[in-house]
Every structure is written in C-alpha cells, then in structure tokens.
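Trainee: I should like to work through this model with you, one point at a time. Could we begin with the contacts between charged side chains?

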Amino acid sequence: MSEYLTQGRPKGSHIGIKNSDIAYRFIGRLNAIILKVTDFTNAMKAITWSKRLLGYSGIWPLKVRDSLFLPFLFYGCLYSILGFLDLTDFITDFHYVLTNIMENMLMFMTLTKFVICRMKCQSLSRFLIETENDYTVDNYKTKEERLIFMKYNKIASRFITITFPWMTFVLVLHYCRSVIPNILMVMANSSIEYKLPYKIKPLVKPYDAKSYAFDCIHQFFGITLILSGYVGTDCLLACTGFHLTGQLAILKCRVKELLKYTDGSQGRIRQMILRHYRLIRLADILEDSFNVVIFLHLVGSTILLCTSSYQMLFSLAELEKIYIFTFLIYVCLLLCTLFGYCYIGECLIEESTNLCEAIYHCNWYELSTINLQSICICMVRARKPLQLTGAKFCVVSLCTFTDFLFLNCSR
C-alpha cells in the first residue's frame, strides 16, 4: 500500500510536504496572532468612543482643552439660567412646569457631569495612563486571561453602542417633532406664533423666520453638549469600571495558578501583592472621581423618570403616538444607564470578593513564613470589597437598582 501511495511521486517530494506543513503551521500561528491583535484592537473601541465624545468638548482627561471647555461651560450655564427664567414665567401652569423640569433637569445633570469630569481630569488621567499597558496582548499569558479581558471590554462596548445612538435618536426626535410641525403650521398660516423646541427663555423673541432659525440653532447646541458631557461621562465610567473589574478577575486567575504550588517564588508573590495594591488604588481613583456623578444621576433619574412618566400618560390621553414613543425610549434609556452604573458596582464587589476567596482556598498554610505573612496581609485587605458609592451615602449595586425601581413604581 505504501508503495502504491508513493508511486509516481517525484523524488524528494516528502521534503516538500514537510515544508508545506511547516508553512501551514506558521500561517496558522500568524493568523492566531493577528486574531488576538484584532480582538484587542476591538477592545479599544469603547475607550476610543469616550475619547471622541469627551474630546469634542475639551474634557478628555489626557488632552484637556480649555479653549473648548470654557465656551461649552458658558453655553451650559446660559442655557440653565434661561430655562429657570422660563420656568418662573409660567410657574402657574402645572403641565408646562413639569415639561420644563424634565427638559432642563437633563441639561443640569449634563452640566454637573461636565464640570466634575473637568475637575477630576488629573486623577482620571493617572488612571488612564496606568491602565494603558493593559491593552497589549503580551500582558495576558493564558487563553482564560484573554477571554476575561475581552468579556468585560465587550460589555463596555455594548453599553456605549446602546446609549450613544439611542440617546442621539431621542434628542433629535424630540427636537424635530417640535420644530417641523411648527414650521409647517407657520407656512400655512403666518399669524401663528413660533414655538421653540425646548422650554427656555429665547435670546431673541422669534417674530420671523430668521430669528426663529437663530433660536433653533442656539437650542440645537444643547444636544451636542448633552451627547458630549452626559453620554461621554457615562461612557468613560463604563470603560474604566469594567476594565478595572476585568483586571480583578484576571488577578484572581493568576493567584490560583501562583499559589497552586507551595514552592512559588517570593518575587512572584510580591508581584501579585503589588498588582493587588495597584488595583485598589485605581478603584479609589474611580470612586473619588465618580461618586458625586453617581449620586446626582440617581437623584436626577428619579425626577426625570417621574416627569417623563407623567408626560407619557398625558400624551396617551391626547393620543399623541410620537410623544408616547419618544418618552418610552427615553425612560428605557434612563433605566439602562442606571442599570449600567449599578452593574459596574456589582461587578466590582463580586470580583474583589472572589479574589479574597481565591486566596483563602489556596494552600497558603503550606507556604514559607515570609510568603505566609505577605499572603495574610493581602487576604486581610481583600476582605473589604472594592465598591462605588453615591456621594458616600449608599453603595451602588444591583440592590440599589431594584430599590430604585421599587421606590419609583410604588409612587
């Protein structure tokens, strides 16, 4: 049989077969490397989108541009003042007051996030610089570590792909559903008064097409500020929070491998402890930078959810389908963003707790005295889970989200 198989084969062809096998193996390994690099490049998409959104208004922590920040800050303050003045003019109209609060509360939350993000740029830049090397393939030796890294970064990417497009859609739809019908009515009957899309006091009273176009353009800039300051800050929190959670999960895997054998070197254990200390420090930076943002988001979301629900019920009574559709998506976005905040906090608590359990269940009692002391110190610190809070008042977790739903649904 072997003679039959080799019959007619050129002499030395087995060398060619071996060379082709080597070539195929080389190509396979090269494709695997390219695939890994591609996966890690995709993991950078979330941080890239945050950079674009925050960079548009000049508050990207690694590249702060006050030449953009100050005009946006001036516009946001002017917008909020005009909204308050408009509220005082129609304070007796209950429906108008709730609509004004719903629209201007979002701008107030945006302005607050915008300013806090600028104030915390220095600490956030340290976080981003220290985690920059985490996005390289060579830092992860096993397939499990790479999968964990990709898992949490994909969650951050999905959060951004949900919030940014849908928030843009809702804001533009809410803007157009007020502008376009008003323009059509004025074109049909010139005696009808111009109505602006948002409830703020106009800079110039719209008495003709030019003044109306000026006020509409002025209010449209509010959409860009919301997308940059509000959505951009949420995206940055998602990127940094899920990245930190992934690094905790990766450290847990390394602890299991390192302490599986009692003859582990003292240098590797020291490296593990230093890495754990680094993650604790990064978690403190994250908590210090975003605890006020989270608290304001909890309070603001409560107000927005109540006012939006009222507007949706009012539109349902008036049979205004496009209003109902807009408010329904808006409420879903509010809950989705809040769920993202709470899920980040839950993941941090869970992974830091799992790290403590991984250290406890290893054979630490068989280590040398020096290594045992180091592991005990690490274990004591790991007993306190890393967490995010709302202005230090409450711990943010999935329990916070369920309490929020219960509080609002019971009213």
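Mentor: A salt bridge is a side-chain nitrogen of Lys or Arg within 4 Å of a carboxyl oxygen of Asp or Glu. Please bear in mind that this is a predicted model.

Trainee: How many salt bridges does a search of the whole structure find?

Mentor: The criterion is a nitrogen-to-oxygen distance within 4 Å. Glu145 and Arg254 meet it, with N and O at 3.0 Å. A search of the whole structure gives a total of eight.

Trainee: Which helices does the pair of Glu145 and Arg254 link?

Mentor: The side chains of Glu145 and Arg254 form a salt bridge. The two residues are 109 apart, so the pair links distant parts of the chain. Glu145 belongs to residues 143–188 and Arg254 to residues 209–258, which are helix H7 and helix H8.

Trainee: Is Glu145 buried or exposed?

Mentor: Buried means under 20% relative accessible area. Its partner Arg254, with 24%, is partly exposed. Glu145 has a relative accessible area of 6%, so this residue is buried.

Trainee: How many residues apart in sequence are the parts that Asp66 and Arg118 tie together?

Mentor: Asp66 and Arg118 form a salt bridge, with their closest N and O atoms 3.1 Å apart. Asp66 lies in helix H4 (residues 66–89) and Arg118 in helix H5 (residues 94–119), so the parts tied together are separated in sequence by 52 residues.

Trainee: What do the relative accessibilities of Asp66 and Arg118 make of these residues?

Mentor: Buried requires under 20% and exposed over 50%, with partly exposed in between. Asp66 has 35% relative accessibility, so it counts as partly exposed. Arg118 has 25%, so it too counts as partly exposed.

Trainee: Where does Lys392, the partner of Glu287, lie?

Mentor: Glu287 forms a salt bridge with Lys392, the closest N and O atoms being 3.1 Å apart. Glu287 is buried at 8% relative accessible area, whereas Lys392 is exposed at 58%. Glu287 is in helix H9 (residues 266–318), and Lys392 is in the loop between strand S3 (389–390) and strand S4 (394–395).

Trainee: What is the end-to-end C-alpha distance over residues 97–116?

Mentor: The unreviewed UniProt entry lists 97–116 under "transmembrane region", and 68–85 is also among the ranges listed there. Over residues 68–85 the chain is 100% helix, with end C-alpha atoms 26 Å apart. Residues 97–116 are likewise 100% helix and 0% strand, and their end C-alpha atoms are separated by 28 Å.

Trainee: What distance separates the end C-alpha atoms of helix H3?

Mentor: Helix H3 (residues 45–56) has 12 residues, so at 1.5 Å a residue it should span 16 Å. Its buried residues include Ile47 and Leu53, and just after H3, Gly58 takes a positive phi of about 80°. The distance between the helix ends agrees with the expected span: 17 Å.

Trainee: How is helix H10 oriented relative to helix H11?

Mentor: The axes of H10 (residues 321–360) and H11 (residues 369–382) come within 9 Å and cross at roughly 150°. Angles over 145 degrees count as roughly antiparallel. H10 is therefore, with respect to H11, roughly antiparallel.

Trainee: What separation do the C-alpha atoms of Asn371 and Ile269 have?

Mentor: Asn371 is placed in helix H11, and at 5% relative accessibility it counts as buried. Asn371 and Ile269 are 102 residues apart along the chain, yet their C-alpha atoms are separated by 7.2 Å.

Conventions. Residues are numbered from 1 along each chain as its sequence is written. This is a predicted model: local features need pLDDT of at least 70, side-chain atom pairs count only at pLDDT 80 or more; totals for chains, interfaces and linings use all residues. Side-chain values use heavy atoms; hydrogens and water are left out. UniProt positions are given in the numbering used here, feature names are shortened, and annotations may be inferred rather than shown by experiment. Helices (H or I, at least four residues) and strands (E, at least two) are DSSP runs, numbered from the N terminus. Buried means under 20% relative accessible area, exposed over 50%, partly exposed in between (1.4 Å probe, protein chains only). The expected span of a helix is 1.5 Å times one less than its number of residues. Axes are lines fitted to C-alpha atoms, for helices over the stretch in contact, and angles run from 0 to 180 degrees between N-to-C directions. Angles under 35 degrees count as roughly parallel, over 145 as roughly antiparallel, 65 to 115 as roughly perpendicular and the rest as oblique.
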